[in-house]
Amino acid sequence: MSSISAQGVVERASAELTKRINGLGLRASKHHGGGKASVMERVTNVFCGSGGVAYTNLQSASNANATPEKPSRSVPATTTAAMGNMPNVNNKNLNSAAGGGTPSRGRISRNRSKNVPLASGGTGGYVAPVTWDQLMQDDHFLGKFFLYFNAIERRILAQVCSRWRDILYARPRLWAGLVPVVRCRELRGMPPSSRTRLYASLVRRGFRSLVLVSAADEDIPELTHGFPLAQRNVHSLSLRSCAITDKGLEALLDHLQALFELELAGCNEITEAGLWTCLTPRIVSLSLSDCINVADEAVGAVAQLLPSLYEFSLQAYHVTDAALSYFNSKPSSALSILRLQSCWELTNNGVYNIVHYLPHLTVLSLSGCSKVTDDGVEFIAENLPRLRSLDLSWCSRITDTALDYIACDLNQLEELTLDRCVNITDIGVGYICTMGSLSALFLRWCSQLRDLGLQNLCVMKSLQVLSVAGCPLLTSSGLSSLIQLRHLHELELTNCPGTSQELFDYLREHLPRCLIIE
């Protein structure tokens, strides 16, 4: 996602506020014959939900010595958090997972008492602001105003001033969808006090996930001592491209007592022996990818040490069929989601172990397991009837026969991924079109797919997401027939030679509710 400048966000904030004020002015002119109430009063009424008391305050604003009638609430004190001037790293180290929409504004009834959350914590009495300066510092107004921006833009708004930062930090729901990313090499160059303020800001914003990039053993003592609140606040940890050894991982996991999700990506110093030492039974989600020392014994550690494991993702080129036999001691395992990616040595024998020892799977990915054949898919279809999602992408030995097995037995399947299955033809797609529960189908770079296959798909009334990106034999005529899929929400057509701007316009005209990805 492209970066957003501070000036751009502030300009948008100004434009948003101006739009609201102008709208209030027009409505006041229409309904009140020119509008006796000031723009300031109307802004306050809408955003702050004040009634008669606010009007009295505004009327008395012209007299500095006047006291508002019936001041039922006290003016909240403006407090400054103990964090001081936070460095920009607090916001620059956040990566987005999701955007934010524009919320609806409900009008608050008059004379309604309300405790307003303060940036300093707790609640206090509330009196509506009477000047622009007060409005720009008002907790209640800014709390609603910030809802018009997404989480990425709020990173910039938090750098406008300490007051805005404190109000934003005091509302964790405003940061939903972001995951803080700490780049340890950069962090080492910061003063200890700045690192402490950074960790404190993560807790204030209610983050429960943490990503560490390029961390080493020397960073672990700093993290455990400088971030003591992580012990009970961090639930999800991701280590990416880290040089942490088994000893460092053990110390880190001992500190994070509330941790139940762990990801290790590109951590080449961690060994299988280290996993046997470090893994704790409280972990329910584990992902291991691109760790060169991870092989069969690592799967054994996972199977034996994590009885409550619900989700397991593994990308390891040297894992064999024997690794999956470690699950044999727990046929009633809680494991529901299994993703095996680019496990090149895995064969149909490994698939047999999966279906025999993990009968409760609802999500299964064998992406890149190129030795799996139609027979392996038959095992899956006959023995895993609860599957909701199946990924067979990059399984080059899969043919139309496998799709016949899937269509006949996996009646509850909702998502099917067949990217780069180059032996799939229109006949196989014809089998798929009989699946009444399938809502998402991915056929990227299926080089034998033709217009006839698309015509077969047009009878699938439940299909909401479809990708035929990179399919070279599809023509404009065949793609135009997809307008029959009235319930389609997303259609991906990137790198399709048969597309044109006229086709995209035609599809958008007939599928107005569908996102067309060119």
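In the predicted model, S367 touches L340, Q341, S342, D391, S393 and W394, with residues up to four places away in sequence left out of the count. S367 sits in the loop that runs between β11 (363–365) and α18. The relative accessible area of S367 is 14%, so this serine is buried.

Helix α18, which spans residues 374–383, packs against helix α19, residues 400–409. The two axes are 9 Å apart and meet at an angle of about 5°. Angles under 35 degrees count as roughly parallel. Helices α18 and α19 are therefore roughly parallel to each other. On the α18 side, the contact is made by D374, V377, E378, A381 and E382. On the α19 side, T401, A402, Y405, I406 and D409 take part. By class, five residues of this α18–α19 contact are nonpolar, one is polar and four are charged.

Aromatic pairs were examined next. The structure holds nine of them. One is formed by F141 and F145, and this pair is stacked. The ring centres of F141 and F145 are 5.6 Å apart, with 10° between the planes. Both residues belong to helix α6, residues 139–145. F141 and F145 are four residues apart in α6, about one turn of the helix. With a relative accessibility of 0%, F141 counts as buried. F145 is buried too, at a relative accessible area of 3%.

Y199 and F227 also pair. Their ring centres lie 4.8 Å apart and their planes are at 5°, so this pair is stacked. The Y199–F227 pair links distant parts of the chain, with the two positions 28 residues apart in sequence numbering. Y199 belongs to helix α10, residues 192–204. F227 lies in the loop between α11 (219–226) and α12 (230–233). Y199 and F227 are both buried.

Beyond single pairs, one aromatic cluster is formed by F141, F145, F146, F149 and W164. The stacked pair of F141 and F145 thus has both of its members in this cluster.

Cysteines were checked for disulfides. The cut-off is a sulfur–sulfur distance within 2.5 Å. By this rule the count is zero. C421 is in no disulfide, and the nearest cysteine sulfur, that of C395, is 5.9 Å away. C421 counts as buried, at 0% relative accessibility. C433 has a relative accessibility of 19%. Buried means under 20%, so C433 counts as buried as well.

An exposed site is found in helix α23, residues 501–510, where E509 is placed. E509 has a relative accessibility of 59% and counts as exposed. The C-alpha atoms of E509 and I483 are separated by 9.3 Å. Along the chain, E509 and I483 are 26 residues apart.

For the protein as a whole, 23 helices and 17 strands were assigned. Of the 518 residues, 50% are buried. Contacts between residues at least 6 apart in sequence were also sorted by separation. Among these contacts, 74% join residues at least 24 apart.

Methods. Residues numbered from 1 in each chain as written. Predicted model: local features only at pLDDT ≥ 70, side-chain atom pairs only at ≥ 80, totals over all residues. Heavy atoms only, no water. Axes fitted to C-alpha atoms, helices over the stretch in contact; angles between N-to-C directions. Parallel < 35°, antiparallel > 145°, perpendicular 65-115°, else oblique. Contact = heavy atoms within 4.5 Å. Nonpolar A, V, L, I, M, F, W, Y, C, P; charged D, E, K, R; others polar. Buried < 20%, exposed > 50% of the residue type's maximum accessible area, 1.4 Å probe, protein only. Phe/Tyr/Trp six-rings, centres within 6.5 Å; stacked < 30°, edge-to-face > 60°.
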